[in-house]
Each structure stands twice: as structure tokens, then as C-alpha cells.
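This report is addressed to a reader meeting the structure for the first time. It follows one helix, its surroundings and the core.

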Amino acid sequence: MNLQESIDRILANESVALEGFYDRLFQKHPEYRALFEGKSLSAQTAMLTMALVAVKQAPELRPAASLYLRALGVKHKKANVPTEAYQNFVGVLLEQIGEFHGPDWNHALAEQWRDALLRASGLMFQGYETPDVIPKPAT
């Protein structure tokens, strides 16, 4: 299995694949719970799914996916999500995905995922550094 096949399987089974992700995140990193206070975790899971769709565009990272990830970075910066949290988030997400895939999960697939998630994080960091890179809608 490769990254594209893995994402397709997750998207086809998102309610199972990502179920409990935020519980796992908060168990391992309780300090992040405050970042989600007052937010719907089901809505957060839906947004995580959309981010995976953007990651699926890798390695091409089409312009729309890149813009989406930068805009997500702007949103995270406004929500005071520390950039250091991304590494922990990626680690927990990799655990979740690995558990979902069971015996189909292997080192090569884990590395493909890690690389794609780090590329996506890099695009999100661009939103932290230059929030004005997000084009304003034409009037």
C-alpha cells in the first residue's frame, strides 16, 4: 500500500479511521484540550478529513490544496496553536492511521505519511509567517 491508497482507504472509512483521534491527542497531550474548548470535535474531525484531502494532493500539492493549507495555518495562528504542537499532532495522527491500517501498516508507509504531513505542516507554517499570502476574494 502507498500513501494515495492509504488516504483513499481512510476517506472511504473516515468515521472509523479517525474515530477517537482527539481523545487520543488529549490523552497524550492534555495541554492541547484548551485549544479546542467550545469547539465541536466532530466538526474538527471533518476539518481534519479535509486536510487529509489536501495532503492527498501531495506530491503535486496543487494550488488549491496549497492555499487551503496556508489558510488553515492562518486560522491556527489566530487560535494561538503553537508551531511546536504540530510535531506532536503528526505523531498521534500517525499512531491513529497505523492502528486503522493494522497489518497493512509498515515502515515505508509510515515514512510516506510523515513526509506528506511535514510538507503540509510547512505550508501551514507559511500561513503563520505571512497571513497575507491568502488572496482576498475578488469584488
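The buried residues of helix α4 are covered by elements that include α1 (3–12), α2 (14–17), α3 (21–28), α5 (63–78), α6 (85–101) and α7 (107–129). Helices here are DSSP runs of H or I with at least four residues, numbered from the N terminus. The structure is a predicted model, in which local features need pLDDT of at least 70, side-chain atom pairs count only at pLDDT 80 or more, and totals for chains, interfaces and linings use all residues. Residues are numbered from 1 along each chain as its sequence is written, and side-chain values use heavy atoms, with hydrogens and water left out.

Helix α4 itself spans residues 41–56, 16 residues in total. From its first C-alpha to its last it reaches 22 Å, close to the 22 Å expected at 1.5 Å a residue; the expected span is 1.5 Å times one less than the number of residues. Its buried residues are Gln 44, Thr 45, Leu 48, Thr 49, Ala 51, Leu 52, Ala 54 and Val 55. Buried means under 20% relative accessible area, exposed means over 50%, and partly exposed lies in between (1.4 Å probe, protein chains only). An α-helix has 3.6 residues a turn, so residues three or four places apart point the same way.

Three residues, located in α4 and in α7, are set side by side below.

| Residue | Helix | Relative accessibility | Class |
|---|---|---|---|
| Val 53 | α4 | 30% | partly exposed |
| Thr 49 | α4 | 6% | buried |
| Ser 121 | α7 | 6% | buried |

Val 53 counts as partly exposed because its relative accessibility is 30%. Its C-alpha atom is separated by 9.0 Å from that of Asp 8, although the two residues are 45 residues apart along the chain.

Contact means heavy atoms within 4.5 Å. Leaving aside neighbours within four places in sequence, Thr 49 is in contact with Leu 11, Glu 14 and Leu 18. With the same exclusion, Ser 121 is in contact with Tyr 86 and Val 90.

The largest nonpolar core holds 35 residues, of which Phe 21, Tyr 22, Leu 25, Leu 69, Leu 93, Trp 113 and Leu 117 touch the most other members. At least two residues of this core come from each of α1, α3, α4, α5, α6 and α7, and α7 gives the largest share, eight residues. A nonpolar core is a set of buried Ala, Val, Leu, Ile, Met, Phe, Trp, Tyr and Cys residues joined through side-chain atoms within 4.5 Å. Not counting residues up to four places away in sequence, Leu 25 touches Tyr 32, Phe 36, Phe 89 and Val 92.
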